[in-house]
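Here is a short tour of a protein model, written for someone who likes to check each pairing on screen. Please keep the viewer open as you read.

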Amino acid sequence: MSNQGIEQAQEDSSEINSLTENGKNVAKIFCERCSSLVLLPMKADLIKKEFKLPHMRKKNEASEGESETLCDYWMVDNMYTFENLGFSNTVDNIKYLICADCEIGPIGWHDINNQKAFYIAVKRVQHGEN
Ligand SMILES: [Zn+2]
């Protein structure tokens with residue numbers, strides 16, 4: 001873990017803070033496309049980590065997309081914590097996580113060499129009550 005810049009932390013803290021309590025997710029986490037439930041409240045830790053994630057697309061649309069660097073992720077240490085989660089292709093030891101129902105993704109990623117870390121991009125999911 002690198003030191004996190006104070007300026008960057010303040011920049012998006014208001015939005016992120018409303019989603020967390022004691023560093024965990026207060027709301028349920030859904031697929032933003034089909035509203036499939038991905039995680040129940042208080043199951044994931046918010047972490048800061050820079051990771052380049054390809055843009056979202058449907059699994060069967062095979063074209064190579066561009067990627068963007070995202071910094072806010074929900075981290076879960078056990079894949080059975082997820083309510084619904086699908087897996088896409090593995091590229092360079094990174095397995096991409098997709099919606100189990102509509103297969104939009106990647107909504108997150110998993111390093112196959114680390115079985116205790118699954119990351120869901122905060123920007124790519126919905127946070128809500130029901
Ligand atoms: Zn979905």
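## From β11 to its neighbours

Let's start with an antiparallel pair: β11 and strand β12 (residues 118-121) are joined by 3 bridges. The link from β11 to β12 is a hairpin, which passes through 6 residues. Please bear in mind that this is a predicted model.

On to the next partner of β11. Strand β9 (residues 94-98) runs antiparallel to strand β11 (residues 108-111), and 4 bridges connect them. A handy residue to select here is Gly-108 in β11, which has Leu-97 opposite it. Which residue is the bridge partner of Gly-108 in β12? That partner is Ile-120. Gly-108 thus gives you a single place from which to look at Leu-97 and at Ile-120 in β12.

In general terms, strands of a sheet are held together by backbone hydrogen bonds, in a parallel or an antiparallel arrangement.

## An open sheet of three strands

Now move to another group of strands. In what order do the 3 strands of the open sheet lie? The order is β4-β3-β13, with antiparallel pairing. At the edges are β4 (37-39) and β13 (125-128), each of which pairs on one side only. From one strand to the next, the twist averages 40°.

Within this sheet, strand β3 (residues 28-31) and β4 are antiparallel and share 2 bridges. One residue to pick out is Ile-29, whose bridge partner in β4 is Leu-39.

## A look at Glu-103

Leaving the strands for a moment, you will find Glu-103 in the loop between β9 and β10 (104-105). Why does Glu-103 count as partly exposed? The reason is its neighbour count: Glu-103 has 17 C-beta neighbours inside 10 Å, while a residue needs 20 or more to be buried and 12 or fewer to be exposed.

Glu-103 also makes a nice distance check. Along the sequence, Glu-103 and Arg-33 are separated by 70 residues, yet their C-alpha atoms are 9.6 Å apart in space.

## The whole protein

Zooming out, the protein contains 2 helices and 13 strands. Of its 130 residues, 23% are buried.

If you like contact maps, here is one more number to try. Taking the contacts between residues at least 6 apart in sequence, 49% join residues at least 24 apart.

Methods:
Residues numbered from 1 in each chain as written. Predicted model: local features only at pLDDT ≥ 70, side-chain atom pairs only at ≥ 80, totals over all residues. Contact = placed C-beta atoms within 7 Å. Pairing = 2+ DSSP bridges. Axes fitted to C-alpha atoms, helices over the stretch in contact; angles between N-to-C directions.
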